[in-house]
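This report introduces a structure to a reader who has not met it before. Please keep the sequence and the model at hand while reading.

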Amino acid sequence: MQRVLFNFLLAVEGVNANKLRSFLTALGIIFGVGAVIAMLAIGSGAKQSILDQMKLIGTNNIVINAVVPESGGESASGGEEEEEKKPYSPGLSLADLSAIRKTVPTVDQLSPEIIMNVSVVRAGRQEKGRCIGVDNAFFELNGLGIGRGIAFQPIHLERGEAVCIIGREVQKRFFSEEDPIGKLIKCGKTWLRVIGVLQKRNASKESLSRLGIRDYNSDIYIPVSTALLRFRNRALITNEDLGDNSEGNQAKNYHQLDRLVVRVDDSKKLRASADVIARMLKRRHLEVPDVEIEVPELLLEQEQQTQDTFNLVLAVIAGISLLVGGIGIMNIMLASVLERIKEIGVRRSLGATQMDIILQFLFEAVFISLIGGLIGVLLGVAAAQTIASYAEIPTIVSAWSIVLSFGVAASIGLVFGLFPARKAAKQDPIKALRSD
């Protein structure tokens, strides 16, 4: 052990004697390790971002959005303009929900949504807001918990009672200094009694916008039956509809539901289930393309694949940098052996073995690599923080990435320093002493 320690101290002394050359030798390792740290930080940040988005959209979900086709234009016939007849479709409705539940065996849960822009009034304060008709499946599929109060009860859903659950932002705006449970709030022309408050959902505006998700904290939720009975059921034709000609060619929303979320029981059946639902709705809507079907999880998987490809490119670049750094170490160590042949001869003549010479030069290579690895870690962490701050790319520097970088740096010093060390040990002591 004393011989090993002595050889290590000689190696440190040799590095200190040529500080500038040692630093230039370590540059390849510095940039390589820095690139590895930054690459792993970007990859971990992207993976965490995907997981966060999955929590927002839920897993195994198929989203069906109602679309209002543009009204047909006017065509000229015999010098007279006649309005083109629009094809008929019953629109997205609760009947579609029942049909999907009965027809598609992979369906685990369904959540209808009716979205209404209303004027919200309470205690002399009036603001524009959204009133969303849902059932309890909505909260389960979107991972929304009830922070205070209760969820919708069967009697609320069956009778269409005037009750609501509000988001945290609604609570802050209208009930900032009091308990909202049991209080009344007016949405449009209807007074609703607050029975619950959602737990706050923390999500950035960028994530919500990219995924096409509303800010659930800012909405008021009522039972679907309440929305149809006390507000408006667009599936029914009223006297107002018959007498309203003010919209002209503007397309009118005839869908009973604005959105329908379907959760399947197995992620492997997502694509097949979406295809079956698409064909069934196309048939039920008489070939009118008035719904859009999205599978957010598959879109995120495509995004993940793109990110994995990007991470692979970064890994290759970082690996090339480390390889170049290792070659630089081997090159400098070979030059150092030629410069120090006489030193090698003196040590051999004083009793040093070939293993002592190997350990001395091997320790020098590893020491240079570790110093470069330490500086590279600092550079990589700084680069990751800079990328997160200025490029707005999420980065996560983990402890295992730092340990991996140190391990790679030490391995490079060991591997690329072994050949110069063996070359130094094989020098003939007599010839070495004769050299100038």
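## Contacts of T190

Contact here means that heavy atoms lie within 4.5 Å. The model is predicted, and in it T190 is in contact with I185, R230 and F231, leaving aside its neighbours within four places in sequence. T190 has its place in strand β9, which covers residues 190–198. Because buried means under 20% relative accessible area, T190, at 11% relative accessibility, counts as buried.

## The nonpolar cores

One of the contacts of T190, I185, also appears in the largest nonpolar core, which has 40 residues and in which I100, I185, L192 and I220 are those with the most contacts inside it. Strand β4, residues 107–122, supplies the largest share of this core, namely 6 residues.

Not counting residues up to four places away in sequence, I100 touches I64, V107, L110, L260, I277, M280 and L281. A second core, separate from the one just described, has 25 residues, and V36, L40, F361 and L362 are included in it.

## Strand β10 and its partners

Strand β10 spans residues 219–223, and 5 of its 5 residues are buried, so this strand is largely enclosed by the rest of the structure.

Strand β5, residues 125–134, runs parallel to β10 and is joined to it by 5 bridges; within this pairing, V134 stands opposite P223 of β10. Strand β7, residues 163–166, runs antiparallel to β10, with 2 bridges joining the two, and the bridge partner of I165 in β10 is Y221.

Notes:
Residues numbered from 1 in each chain as written. Predicted model: local features only at pLDDT ≥ 70, side-chain atom pairs only at ≥ 80, totals over all residues. Heavy atoms only, no water. Core = buried A, V, L, I, M, F, W, Y, C linked by side-chain atoms within 4.5 Å. Buried < 20%, exposed > 50% of the residue type's maximum accessible area, 1.4 Å probe, protein only. Helix = DSSP H or I, 4+ residues; strand = E, 2+ residues; numbered from the N terminus. Pairing = 2+ DSSP bridges.
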